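Here are my comments on the model you sent over. Have it open while you read, as I go point by point.

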Amino acid sequence: MNERDCLQKIRNLGVRLQELELARPQPGKSYTSVALDFLFKEHQLERPTGAPLEYTLRTLGKALMERHQLKFQRLDATAIVDYFCRFYRVH
């Protein structure tokens, strides 16, 4: 999946989190940013600032794997975004 599609999925996740009343969009913040902030906060991690999307998502994925002993066959941005989209039922 290219970065544009990945960002769109994360944006959709942000919209879903708002629908579930788990996160609130703040003035000047995109749904994508809201979703990433929520996921990092939810997993008690500090979100890397100024890092590329791939690195940011891999950081989240590695922490998730360690804490919940999950096994990804491939740990890339697509797999991590797909995991959260399935978890929060984003279509």
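1. Let me start with Thr56, which is buried in this predicted model. Its relative accessible area comes out at 4%, well inside the cut-off of under 20% for buried. Thr56 belongs to helix α3, which covers residues 53-68. Setting aside neighbours within four places in sequence, the contacts of Thr56 are Phe40, Pro48 and Ala51.

2. Next, the helix pair around that threonine. How do α2 and α3 run relative to each other? Helix α2, residues 31-42, packs on α3 at about 30°, and the two axes lie 11 Å apart. Angles under 35 degrees count as roughly parallel, so that is the label for α2 and α3. If you want the hand as well, the crossing of α2 and α3 is left-handed.

3. Which residues make up that contact? From α2 come Leu36, Leu39 and Phe40, and from α3 come Leu53, Thr56, Leu57, Thr59 and Leu60. By type, the contact of α2 with α3 has six nonpolar residues and two polar ones, with no charged residue. Phe40 and Thr56, already paired in my opening point, both turn up here.

4. Now have a look at α4, residues 77-87. Eight of its 11 residues are buried, so α4 is largely enclosed by the rest of the structure. Those buried residues are Ala77, Thr78, Ala79, Ile80, Val81, Asp82, Phe84 and Cys85. Note that the list takes in Asp82 and Thr78 along with residues such as Ile80 and Val81. The cover over them includes α1 (3-19), α2 and α3.

5. A small backbone detail to check while you are there: just after α4, Arg89 has a positive phi, at about 55°.

6. Last, the cysteines. How many disulfides does the structure hold? Zero. A disulfide is a covalent bond between the sulfur atoms of two cysteines. For Cys6, the closest cysteine sulfur is that of Cys85, 8.6 Å away, and that is too far for a bond; the cut-off for a disulfide is 2.5 Å. Seen from the other side, Cys85 is in no disulfide either, and its nearest cysteine sulfur is that of Cys6.

7. Are these two cysteines buried or exposed? Cys6 is buried, at a relative accessible area of 3%. Cys85, one of the buried residues of α4, has a relative accessibility of 6% and counts as buried too.

How values were computed
Residues are numbered from 1 along each chain as its sequence is written. This is a predicted model: local features need pLDDT of at least 70, side-chain atom pairs count only at pLDDT 80 or more; totals for chains, interfaces and linings use all residues. Side-chain values use heavy atoms; hydrogens and water are left out. Buried means under 20% relative accessible area, exposed over 50%, partly exposed in between (1.4 Å probe, protein chains only). Helices (H or I, at least four residues) and strands (E, at least two) are DSSP runs, numbered from the N terminus. Contact means heavy atoms within 4.5 Å. Axes are lines fitted to C-alpha atoms, for helices over the stretch in contact, and angles run from 0 to 180 degrees between N-to-C directions. Angles under 35 degrees count as roughly parallel, over 145 as roughly antiparallel, 65 to 115 as roughly perpendicular and the rest as oblique. A crossing is left-handed if the near helix is turned anticlockwise from the far one by less than a right angle, and right-handed if clockwise. Ala, Val, Leu, Ile, Met, Phe, Trp, Tyr, Cys and Pro count as nonpolar, Asp, Glu, Lys and Arg as charged, and the others, Gly among them, as polar.
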